[in-house]
Amino acid sequence: MATERPVLEAENRLERFNADRERLLSEVERRVVARRVGESRAGGDHSLENVLNDVAFNEIRRLEASKGKNGGLDRWKDLSRRLLAMTDEEKQTELRALVRHYGSDVVGNFDPRVYKFATGIGPSLLGFVFNPITSLRQGMDTLRNLDARITADGDLDIVRACAERGTIVVTPTHSSNMDSPAIGLGMLRAHLPPVTYGAGKNLFSNPFISFFMRNLGAYRVDRRLRFELYKDVLKEYSTVLLEHGYHSLFFPGGTRCRSNIVEKHLKLGLLGTTVSAYKNSVREGSPNKRIYIVPVTINYRLVLEAETLIADYLAETGKSRFIITDDEFSRIGRILEFFRKILVHEGSVVVRFGRPLDVFGNDITDDGESLDRAGRIVDPASFVRGADGEVTDDDQRDAEYTRALGRRLAAVYPKLTVFHSTNLAARALYDLIAKAVGTRDVYRLLRAPAALLGVRVNDAVEELVRLRARIAAHPEWGAEHPGYLAQSAEDKLDDAVRGLGTYHTKPTVVRHGEMLQVEDLKLLYYYQNRTAHIPPESA
């Protein structure tokens with residue numbers, strides 16, 4: 001079990017959150033309203049009438065599409081009818097009410113009692129409940145060895161130092177709805193402070209998980225609301241949180257990655273609030289209130305919703321089904337089965353923390369100072385000041401800073417990737433099948449006869465040996481699970497076959513004597529996709 005470490009001074013920040021909540025919400029309201037009123041007075045397409053009409057139109061369309069299940073349709077129709085006759089003062093009053101309404105829906109909560117439970121009794125209780133134990137003694141052994149289930153590693157010392165020195169923004173990859181509890185436990189294992197984070201409102205449909213999310217700093221993000229005012233409220237809330245020193249977490253990939261490929265194309269909306277928050281701090285005379293971006297990968301041996309996600313990806317319905325509301329995560333029985341059958345395996349989840357960056361994507365020293373591209377220490381405040389030394393607002397400049405940060409994160413994720421046996425064996429089998437069929441195109445492989453989806457065990461072992469050697473020679477591609485580096489290729493293949501036949505409704509691969517038969521090519525493709533950034537051997 002991990003040794004105890006003194007609680008970080010930074011860890012107490014969220015304990016004051018509830019006392020700050022009204023002040024934070026009022027600040028969000030003040031800023032958004034002032035900005036929108038100012039833009040309206042400047043003319044153009046940003047009139048208050050257009051802003052309010054955009055809200056009403058999108059809310060009416062959303063509620064009509066849901067056939068009024070959520071109620072409130074009359075309110076938005078009434079607003080749409082009244083708009084033309086409203087005075088500027090009435091429009092400002094309506095705008096303020098809407099910002100307060102959406103802000104109140106977004107804002108999170110932090111209950112120190114729930115945090116104490118979750119970080120003390122909670123993990124042990126989960127370990128006790130979800131492991132298939134047969135005796136109390138075995139159960140106590142499980143509690144003592146819970147740390148082996150979800151492990152955290154990487155550049156932890158410097159991440160802890162940055163959390164004490166300034167404000168950290170944790171930016172993990174996103175594969176599963178289990179990521180929120182996984183990263184929470186990973187940060188606990190790493191002795192890092194709790195964070196606020198935006199979670200899709202659909203995740204709150206699971207009563208067990210939502211209880212903890214509601215009380216441990218999560219704020220709600222309703223992805224059905226796509227109008228600009230709602231995005232303004234979300235971004236300003238994130239900015240205000242960072243300015244007040246609340247550690248945060250963003251999933252730069254946005255929604256779960258349906259293909260299981262390490263994210264390359266990141267969504268930069270909330271990530272851009274880090275530049276805004278730092279710029280505002282410099283403007284207020286606090287340039288030393290640093291914000292550090294911490295890249296993280298969450299690496300699963302098996303993924304709870306793999307079947308749903310890959311089916312959605314291959315059907316090319318990801319865009320139209322932006323939010324999957326009925327998958328394995330929404331059914332408590334599947335979560336129980338996930339914990340029972342998967343998390344009994346040591347190192348089932350590895351949370352790997354990378355070296356922090358500043359908000360402009362620059363590397364930092366061990367002391368938290370920013371470095372330019374030539375490796376020289378640079379004052380980060382200079383990036384937001386003009387020639388006269390004053391802070392300047394330049395949306396185009398700040399957007400480019402955020403794009404640069406996104407590129408740095410996308411570049412570092414592969415290096416932080418941890419390959420489980422399931423990923424390695426799936427890649428080895430996929431490569432052999434692709435060679436036999438003459439194509440790597442998954443859609444063509446899905447039409448291949450079953451006879452071509454069989455692989456000799458000896459061939460799979462040899463392919464696995466070559467793959468492991470290539471990965472060892474290229475650390476920029478990632479690394480094998482550190483707990484199983486000494487495992488033989490034969491044992492690693494056996495472990496993967498057991499794992500891939502454990503949880504999913506249909507076994508991915510089955511062994512028949514000296515042959516391995518792929519039963520579900522879609523799932524094989526999904527698990528090998530974690531290695532997709534590794535070029536084929538012939539390339």
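## A small vocabulary note

Two strands count as paired if DSSP finds at least two bridges between them. Keep that in mind for what follows, and keep in mind too that this is a predicted model.

## The three-stranded sheet

With that rule, three strands make up an open sheet, and its order reads E12-E15-E14. The pairing is antiparallel. Strand E12 (454-456) and strand E14 (509-512) sit at the edges, each pairing on one side only. As for twist, neighbouring strands here are turned by 25° against each other on average, ignoring direction.

Let's look at one of those pairings. E12 and strand E15 (residues 515-518) are joined in the antiparallel sense by three bridges. If you want a spot to click on, try Val-455, which stands opposite Leu-516 in E15.

## A helix across the strands

The sheet has a helix for company: H16 (residues 421-437) lies across E12, E14 and E15. Its direction makes an angle of about 110° with E12.

## Helix H3 and its two sides

Now over to another part of the model, helix H3 (residues 73-82). Which residues of H3 are buried? They are Leu-73, Trp-76 and Leu-79. These buried residues are on the same side of H3 because they cover an arc of only 130° around the axis. Flip to the other side of H3 and you'll find Asp-74 and Arg-81, which are exposed.

So much for the split; what about the cover? Helix H2 (48-65) and helix H4 (88-106) are included in what covers the buried residues of H3.

Key. Residues are numbered from 1 along each chain as its sequence is written. This is a predicted model: local features need pLDDT of at least 70, side-chain atom pairs count only at pLDDT 80 or more; totals for chains, interfaces and linings use all residues. Side-chain values use heavy atoms; hydrogens and water are left out. Helices (H or I, at least four residues) and strands (E, at least two) are DSSP runs, numbered from the N terminus. Axes are lines fitted to C-alpha atoms, for helices over the stretch in contact, and angles run from 0 to 180 degrees between N-to-C directions. Contact means heavy atoms within 4.5 Å. Buried means under 20% relative accessible area, exposed over 50%, partly exposed in between (1.4 Å probe, protein chains only). The arc is that of the directions from the helix axis to the C-beta atoms.
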